[in-house]
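Take a look at the model below. This report walks through its ligand site, some of its strands and two of its buried residues.

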Amino acid sequence: MSVWGRGMRKPVVAANWKMNGSLELCECFTRKLARPEFADVWIFPSALHLASLTDYFRDSDIATGAQNVWCEPEGAYTGEISAMMVKTLGARFALVGHSERRAMFGDSDAVVAKKFSKIAEAGLVPVLCVGETLEERESGLAFEAVHRQLNAVEDVWECQDYSHEVIAYEPVWAIGTGKAATAEIAQEMQARIRDHIDRKGSGKSDELRILYGGSVKASNASELIAQNDIDGFLVGGASLDVDEFNQICEAVKS
Ligand code: PGA
């Protein structure tokens with residue numbers, strides 16, 4: 001039995017600030033963020049604040065990542081940043097396939113797959129976000145939607161050495177709504193995702209960390225993390241308050 005109780009999967013608590021945050025928030029996190037030994041803590045600030053936070057946390061266990069990158073290494077893409085730029089800063093991760101990007105910015109399955117490859121090729125760890133819409137869940141097509149999103153990336157796997165290390169299951173209907181998935185719903189889907197990875201061989205399924213995201217708060221984190229296949233959280237709204245975020249970190253202590 002390992003120290004983490006679920007194989008060798010150390011829990012992760014990741015902050016997705018989205019288009020929020022300020023120098024004051026960065027400064028507050030540098031002063032007050034907990035440094036738990038029992039969890040990995042990752043911060044995904046806006047691209048504007050990524051350099052300073054990465055620099056500040058450089059010699060610590062806190063890691064940073066980009067919320068989005070473009071799918072070319074460089075060139076005339078006004079307003080975009082590349083995975084290599086993020087890597088050069090010293091950040092370690094990049095989100096890809098977040099439902100807000102899929103719904104609002106044209107990140108189709110094909111674009112997500114291309115971005116995923118660029119992130120991996122640059123030497124960053126892609127955190128692939130997948131999740132069904134309310135309509136898909138209500139029509140009994142939740143698993144199909146998530147499998148389609150996983151397959152889209154795996155089928156065009158361009159980076160030969162790469163396999164999934166982190167996936168975030170984020171049901172669209174739970175994001176920013178205050179209504180998290182129940183522990184049972186999240187567990188059921190996350191077990192299906194692990195099973196899919198196992199059958200496809202697109203990652204070491206017992207080492208793969210599958211995060212849950214969607215209205216995670218200090219008050220529901222303990223119940224969710226108690227599930228076998230929930231290895232941590234991608235936290236949006238509640239990550240903008242360092243005290244609440246620290247409480248979520250505390251909740252993943254087994
Ligand atoms: P939320 O967002 O915690 O505000 O629901 C989660 C996410 O979109 O990653």
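Two strands pair if DSSP finds at least two bridges between them. Strand E3 (residues 63–66) and E4 meet that condition with two bridges, and they pair in the parallel sense. Keep in mind that this is a predicted model.

## The ligand and its shell

Start with the ligand. It is surrounded by 13 residues. The closest are Lys 18, His 98, Glu 170, Gly 176 and Ser 215. By type, the shell holds four nonpolar, seven polar and two charged residues.

Oxygen atoms of the ligand lie close to polar atoms of the protein. A polar side-chain atom of Lys 18 is 2.7 Å from a ligand oxygen. For Gly 237, a backbone N or O atom lies 2.8 Å from an oxygen of the ligand. In the side chain of Asn 16, an N or O atom is 3.4 Å from a ligand oxygen. On its own, the ligand has 280 Å² of accessible area, and the protein covers 95% of that.

## Strand E1 and its neighbours

Asn 16 brings us to strand E1, which spans residues 12–16. How many residues of E1 are buried? Five of its five are, and the strand is mostly covered. In a regular strand the side chains alternate between the two faces of the sheet. On one side of E1, Val 12, Ala 14 and Asn 16 are buried. On the other side, Val 13 and Ala 15 are buried too, so both faces are covered.

E1 has parallel partners. Five bridges join E1 to strand E2 (residues 40–44), and the two run parallel. Here Ala 14 has Trp 42 as its bridge partner in E2. Four bridges join E1 to strand E8 (residues 232–235), again in parallel. In that pair, Val 13 stands opposite Phe 233. A helix also comes into the picture: E1, helix H1 (residues 23–32) and E2 form a right-handed β-α-β unit.

## Strand E4 and its neighbours

Now turn to E4, the strand that pairs with E3. Both of its faces are covered. Phe 93 and Leu 95 are buried on one side, and Ala 94 and Val 96 are buried on the other.

Follow the bridges outward. Ala 94 in E4 stands opposite Ala 66. E4 also pairs with strand E5 (residues 125–130), in the parallel sense and over four bridges. In that pairing, Leu 95 has Val 127 of E5 as its bridge partner. Helix H3 (residues 83–89) joins E3 and E4 in a right-handed β-α-β unit.

## Two buried residues

Where does His 98 sit? The residue is in the loop between strand E4 (93–96) and helix H4 (99–104). His 98 is also among the residues closest to the ligand. Its side chain makes a polar contact of 3.2 Å with the side chain of Glu 170. Why does His 98 count as buried? Its relative accessibility is 4%, and buried means under 20%.

Ile 193 is found in helix H8 (residues 183–200). This residue counts as buried because its relative accessibility is 0%. Its C-alpha atom is separated by 9.8 Å from that of Val 130, although the two residues are 63 apart along the chain.

Terms used. Residues are numbered from 1 along each chain as its sequence is written. This is a predicted model: local features need pLDDT of at least 70, side-chain atom pairs count only at pLDDT 80 or more; totals for chains, interfaces and linings use all residues. Side-chain values use heavy atoms; hydrogens and water are left out. A residue is near a molecule or strand if one of its heavy atoms lies within 4 Å of it. A polar contact is a pair of N or O atoms within 3.5 Å; within protein, one must be able to donate a hydrogen and the other to accept it, and residues adjacent in sequence count only if both atoms are side-chain atoms. Accessible areas come from the Shrake-Rupley method with a 1.4 Å probe; for residues, only the protein chains shown count as cover. Ala, Val, Leu, Ile, Met, Phe, Trp, Tyr, Cys and Pro count as nonpolar, Asp, Glu, Lys and Arg as charged, and the others, Gly among them, as polar. Buried means under 20% relative accessible area, exposed over 50%, partly exposed in between (1.4 Å probe, protein chains only). A crossover is right-handed if, with the strands pointing away from the viewer, the path from the first strand over the helix to the second runs clockwise.
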